[in-house]
Amino acid sequence: MLWIKALHIVFVASWFAGLFYLPRIYVNLAMVEPGSLAERDRLLLMSRKLLRFTTLLAVPAVALGLVLWLTYGIGRGDGWMHAKLIVVLLVIAYHHACARMLRRFEAGGSTRSHRWYRWFNEIPVVLLLVAVLLVVIKPF
């Protein structure tokens, strides 16, 4: 079980690293001057590759978490685990929102400012903080 827990932590940390950086690329995409096609294309390529890699990290992170919960019973029936599962769903929704934003950028349809993406980039920090506090402190 400790191997599974350790791998789960590594994949979650890696997944979040991607979720921290991807919206930073969106900040730069939102700031690209019209006509700077080479810069825009480079940032879109970086975004696509990072999203793909981040998605590949998310799958084992979630799968290993489910193994810990369903097979080993970690947190089964505890309130903190129910709250953490809600946080995990929110992280998955955030990941999906990042993918949708990339599709909008690729289509040339993003109208949000770089400031909006800077604020959007703070959401995974809050979600990670809440998840870690729930797992470590187990408040309920």
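Helices are DSSP runs of H or I with at least four residues, numbered from the N terminus. On that basis the protein chain, shown here as a predicted model, reads α-α-α-α-α along the sequence.

**Figure 1. The protein chain has five helices and zero strands.** Along the principal axes, the C-alpha atoms occupy a box of roughly 55 × 25 × 20 Å. The chain has 140 residues, and 34% of them are buried. Its accessible surface is about 8400 Å², with 70% belonging to carbon and sulfur atoms. Of the contacts between residues at least 6 apart in sequence, 77% connect residues at least 24 apart.

**Figure 2. The largest nonpolar core contains 33 residues.** The members that touch the most other members are Trp15, Tyr26, Leu29 and Val91. At least two residues of this core come from each of helix 1 (2-30), helix 2 (37-70), helix 3 (79-107), helix 4 (114-120) and helix 5. Helix 3 gives the largest share, 11 residues. In soluble globular proteins, nonpolar side chains tend to be buried together.

**Figure 3. Helix 3 and the residue just after it, Gly108.** This helix runs for 29 residues. From its first C-alpha to its last, helix 3 reaches 42 Å, close to the 42 Å expected at 1.5 Å a residue. Gly108 has a positive phi of about 75 degrees.

**Figure 4. Thr54 in helix 2 and its contacts.** Thr54 counts as buried because its relative accessible area is 1%, while the cut-off for buried is under 20%. Beyond its neighbours within four places in sequence, Thr54 is in contact with Trp15, Gly18, Leu19 and His95. Trp15 lies 39 residues from Thr54 along the chain, yet 5.4 Å separates their C-alpha atoms. Trp15 is also one of the core members that touch the most other members.

**Figure 5. Ser47 in helix 2 and its contacts.** With a relative accessibility of 0%, Ser47 is therefore classed as buried. Residues up to four places away in sequence aside, Ser47 touches Leu22, Ile25, Tyr26, Leu29 and Leu102. Two of these partners, Tyr26 and Leu29, are among the core residues that touch the most other members.

**Figure 6. The surroundings of Leu29, a member of the largest nonpolar core.** With residues up to four places away in sequence left out, Leu29 touches Arg40, Leu43, Leu44, Ser47 and Phe105. Ser47, one of these partners, belongs to helix 2. The contact between Leu29 and Ser47 also appears in the preceding view.

**Figure 7. A nonpolar surface patch that includes Leu129.** The patch covers about 530 Å². Leu129, Val132, Leu133, Val135, Val136 and Ile137 make it up. Leu129 is located in helix 5, which spans residues 123-137. Helix 5 also supplies at least two residues of the largest nonpolar core.

Terms used
Residues are numbered from 1 along each chain as its sequence is written. This is a predicted model: local features need pLDDT of at least 70, side-chain atom pairs count only at pLDDT 80 or more; totals for chains, interfaces and linings use all residues. Side-chain values use heavy atoms; hydrogens and water are left out. Patches are made of residues with over 30% relative accessible area and no salt bridge: like charges are joined within 9 Å, nonpolar side chains (Val, Leu, Ile, Met, Phe, Trp, Tyr) within 5 Å. Accessible areas come from the Shrake-Rupley method with a 1.4 Å probe; for residues, only the protein chains shown count as cover. A salt bridge is a side-chain nitrogen of Lys or Arg within 4 Å of a carboxyl oxygen of Asp or Glu. A nonpolar core is a set of buried Ala, Val, Leu, Ile, Met, Phe, Trp, Tyr and Cys residues joined through side-chain atoms within 4.5 Å. Buried means under 20% relative accessible area, exposed over 50%, partly exposed in between (1.4 Å probe, protein chains only). Contact means heavy atoms within 4.5 Å. The expected span of a helix is 1.5 Å times one less than its number of residues.
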